[in-house]
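Me: Please take a close look at one part of this model, the side of one chain that touches the other. Put it in the context of the chain it belongs to and of the core.

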Amino acid sequence: MNQQLVDPLRPEDKRAAASIVDCDVHITARSAVDLYPWLPARWREHVETIGAHVRSGVYNQEPHPRMMARGMRADAYPEEGGPAGCSLPLLQRQHLDPNGIQFGMLIALGRGIFEERNQAFAAALSTAINNWQLEKWVDPEPRLMPAIIVPQEDAEVAVAEIERCAADTRFKQILISPKSLEPLGRKRYWPIYAAAERAGLPLAFHPAAIGGGHFSSGAGSPTYYLEEHNTFGTITQAVLTSLIFEGVFERFPGLKVVAVEGGFTWAPMLGWRMDKYWSRLRAEVPHVTRPPSEYLRSHIWFTTQPMEETRKQAHLRDVIDWLGWDRLMFSSDYPHWDFDDPRYAFKMPLSDEERRKVFHANAKVLYGLP
Amino acid sequence: MKIPFKGAVDCDLHLSAPRMSALLPYMDEYWSDQFSNRHIDRFAFTMSSDNPILPLQWRPDWKAGADEPGSELDRLRSRALDQFGSSIGIVNVIHGAIALYHGDMAAAILRAVNDWTADKVLSQESRLRGSILVSLQDPALAVAEIERLAGNPGFVQVLLPVIGELTIGRRIYWPVFEAASRAGLPICLHAGSLNRHAPTGVGWPSYYVEDYVSQSAGFEASLVSLLAEGVFQKFPDLTFVLAESGVTWMPSFQWRQDKMWLGVRTELPWIDRMPREIIRERVRLTLQPFDAPPDAAIVERLLDHLGSDEMLLFSTDYPHWHFDGDDVVPDGFPTDLLRKIAIDNPHATYGRLRQGGEATKSLEVTA
Amino acid sequence: MIRHIVAKTAEIPAGTHRIVDVSGRQVGVFNVNGEFFALLNRCPHGGAELCKGAVTALVQPSGVGQYAVSRKGEFLRCPWHGWEFEIRSGQSYCDPARIKARKIDVAVERGEELVKGPYVAESYDVTVEDDYVVLSL
């Protein structure tokens with residue numbers, strides 16, 4: 001197809017820019033000092049004298065360095081300094097206001113909780129960040145909907161934090177890094193799922209830079225960022241596979257999972273693939289009573305960014321038809337480098353009904369938003 | 001659906017790895033002493049990812065009873081080659097020695113496996129072609145093995161597991177690719193893992209069924225590695241055959257790589273055109289297993305997504321259990337495409353098949 | 001089509017660019033080694049303010065593991081997804097046939113010609129002794 005992707009002189013599509021729910025908005029603290037009001041003295045001292053301890057050979061840098069501005073939109077750094085995503089006024093001016101974002105689901109990355117090996121420190125950081133989100137972001141900007149950050153490798157502490165935060169109904173989901181120590185279907189994580197189900201909160205899986213010490217590709221460690229980026233998809237596949245075959249959805253039938261930034265065009269293939277192998281190896285997993293694709297279809301939601309840009313529009317439409325239009329939710333990934341502007345994210349025309357579902361209705365139903 | 005004509009090239013079928021006792025005659029005194037003294041010869045070298053008791057490793061009606069007469073090769077002849085009317089079959093003998101850490105020991109066993117394949121398989125059945133199985137533990141030994149067998153036209157490719165120790169495109173492995181390229185042999189990356197590390201980016205799954213599902217991610221990782229490392233540019237005559245990959249992960253993978261390349265090109269300036277163009281030219285996929293529902297309309301769409309009629313190679317994956325009866329081709333494949341994938345594409349992929357009768361003749365001489 | 005005088009040539013020296021507002025549309029005006037080019041300040045891919053991206057050289061197609069740059073200052077890298085555009089043509093480097101940034105016609109005119117009109121001078125007092133960058137939009 002030989003066509004301009006975006007007609008720069010065409011009036012902007014106003015229909016897209018109305019009451020959007022953006023399911024992936026990143027915020028970060030300017031520095032750990034921002035969190036001091038919510039960190040006990042013991043952990044403030046830890047920040048100063050010990051610091052972060054992560055599973056990476058290089059400190060405070062990704063071992064697969066990002067391409068653009070450390071993985072950020074080059075225009076999203078605040079003029080007054082600090083990392084992209086640390087300024088509420090810039091988020092409002094650059095994204096929420098001009099792009100018609102009615103609700104932004106917060107994914108607070110950047111302080112290394114997912115990566116932190118000291119579990120007590122990770123727990124203290126989680127609590128601090130949850131409080132910081134409310135006071136610094138959600139109180140002044142009620143369009144923002146926070147996710148509960150938890151020290152996921154210590155399920156007991158994670159459950160306590162979920163229960164503490166869930167009392168505040170502004171928390172709409174629980175954030176989990178798919179790059180865990182063990183596949184997330186394993187029983188050590190089940191208390192978290194029980195707590196999520198009790199609280200009626202979905203789990204959001206969002207890729208983190210540093211993982212649980214496994215080669216990110218499953219077939220050796222990638223050399224280049226192109227390869228590392230591809231693992232966002234395959235890691236999400238591995239997590240969903242684990243949840244399904246460990247029987248998590250049998251045990252927690254009310255559990256809902258949002259796969260954020262992991263891609264979605266592979267999902268139909270994964271369902272067919274799981275069904276095929278399940279049909280041959282059912283004896284190994286008798287606790288999986290339904291074809292795996294049914295759990296995929298009924299428990300998992302997907303976010304759009306980074307939007308797949310197929311050469312033929314019909315191909316993307318096929319995939320979403322197979323996935324289900326009720327399972328896909330718009331996300332921008334602001335302020336990351338591969339941000340999708342809601343006006344231009346889809347390179348194909350959508351019907352009003354499709355647009356309604358993807359840009360807000362699916363998310364409003366899932367998260368119980370007005 | 002059945003394959004409606006004779007003369008197909010079956011690009012992936014299997015014989016069990018020979019017992020060590022059958023390999024000892026192909027080994028020198030040092031290694032045969034080591035294997036018998038250490039009782040290494042008393043156990044089968046089966047890959048964990050190829051566990052033969054799993055239901056999908058043997059289709060029930062292809063599994064021989066204890067008292068069934070004839071050899072495994074006899075059964076392969078009648079049930080795979082005769083039954084599907086194949087004129088040629090590429091047999092992949094996967095031996096667990098590829099998972100050994102001791103590179104010299106692995107090489108000694110694999111030399112014997114390859115010689116056994118030439119002797120007991122290829123020279124016994126003129127329709128069969130073989131794969132040179134090598135370990136990458138010491139790439140220099142893999143190069144030596146490829147060079148040792150390059151003169152035998154019965155071997156048509158070099159065989160590696162898709163999930164090894166390092167990502168497959170790494171420069172440390174390039175001498176192996178160079179040797180294969182020099183010999184005119186494609187590299188076949190076959191489903192399977194050495195289990196050197198967790199087969200997923202999130203750790204070790206509990207179940208075999210998860211290991212199988214995760215293989216397609218292993219193919220993604222290996223292919224993006226070959227692409228990113230510039231293997232396709234460095235070895236312009238080398239084709240990669242992905243065997244038992246599941247196939248339908250490929251369209252989504254191509255969309256992702258095309259989009260990413262536009263943003264990350266400057267990290268990889270040797271990639272000089274859209275990744276999908278490179279992939280469609282240089283990568284081939286065996287047909288079975290084909291991850292799709294039994295729905296001809298969906299299969300037709302998936303073939304359109306794949307975007308090339310040159311990438312698929314007919315295979316039964318005998319004796320693995322992916323389909324029942326003779327319905328080796330998913331419903332929805334047009335007949336003219338079938339002819340391409342069963343005959344034209346294999347002949348285009350495997351230069352040594354084009355030598356036709358010559359190969360068979362030389363084989364008889366070798367035997 | 002209206003011709004807009006947007007700058008004196010001396011205000012955009014070689015190797016620099018500026019973003020100008022022309023009847024509500026933002027346009028990046030680039031001086032590449034003494035030649036002027038203009039692109040609409042919107043990426044044809046995702047709508048970013050393209051001309052706020054970095055002006056770069058071309059990372060040349062190369063052998064594996066070899067890195068070389070040429071044509072310094074002739075390319076523009078989108079500040080979001082990093083797509084590269086040739087400033088001269090507006091074409092995407094990776095996919096030139098399909099993806100183009102919107103090019104705006106640009107000319108350099110002598111002040112003595114311009115004072116005869118008819119031009120939209122924006123905020124410029126045109127003087128006969130200077131050269132001006134003129135966009136047609």
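Reply: What follows describes chain B, its contact with chain A, and the core.

This is a predicted model, in which local features need pLDDT of at least 70, side-chain atom pairs count only at pLDDT 80 or more, and totals for chains, interfaces and linings use all residues. Residues are numbered from 1 along each chain as its sequence is written, and chains are lettered from A and ligands numbered from 1 in the order in which they are written.

Chain B has 13 helices and 8 strands; these are DSSP runs numbered from the N terminus, helices being H or I of at least four residues and strands E of at least two. The C-alpha trace of chain B spans about 55 × 45 × 45 Å along its principal axes. Its radius of gyration, 20 Å, agrees with the value near 21 Å for a compact globule of 367 residues (taken over C-alpha atoms; the rule is 2.2 Å times the number of residues to the power 0.38). Of the 367 residues, 54% count as buried, where buried requires 20 or more other C-beta atoms within 10 Å of the residue's own, exposed means 12 or fewer, and partly exposed lies in between, with C-beta atoms placed from the backbone.

On the side facing the partner, 55 residues of chain B are in contact with 56 residues of chain A, a contact being two C-beta atoms, placed from the backbone, within 7 Å. The elements of chain B that give two or more residues to this side are β4 (155-163), α7, α9 (250-264) and α11 (296-306). Of these, α7(B) gives the most, with 16 residues. By class, the side of chain B that touches chain A has 28 nonpolar, 17 polar and 10 charged residues (Ala, Val, Leu, Ile, Met, Phe, Trp, Tyr, Cys and Pro count as nonpolar, Asp, Glu, Lys and Arg as charged, and the others, Gly among them, as polar).

The largest nonpolar core has 257 residues, and those touching the most other members are L106(A), I107(A), A147(A), I174(A), A204(A) and V158(B); such a core is a set of buried Ala, Val, Leu, Ile, Met, Phe, Trp, Tyr and Cys residues joined through C-beta atoms within 7 Å. Helix α7 of chain B (residues 208-229) gives the most to this core, with 11 residues. Leaving out residues up to four places away in sequence, V158(B) touches S131(B), I132(B), V134(B), I146(B), A180(B), L185(B), I187(B) and C188(B).
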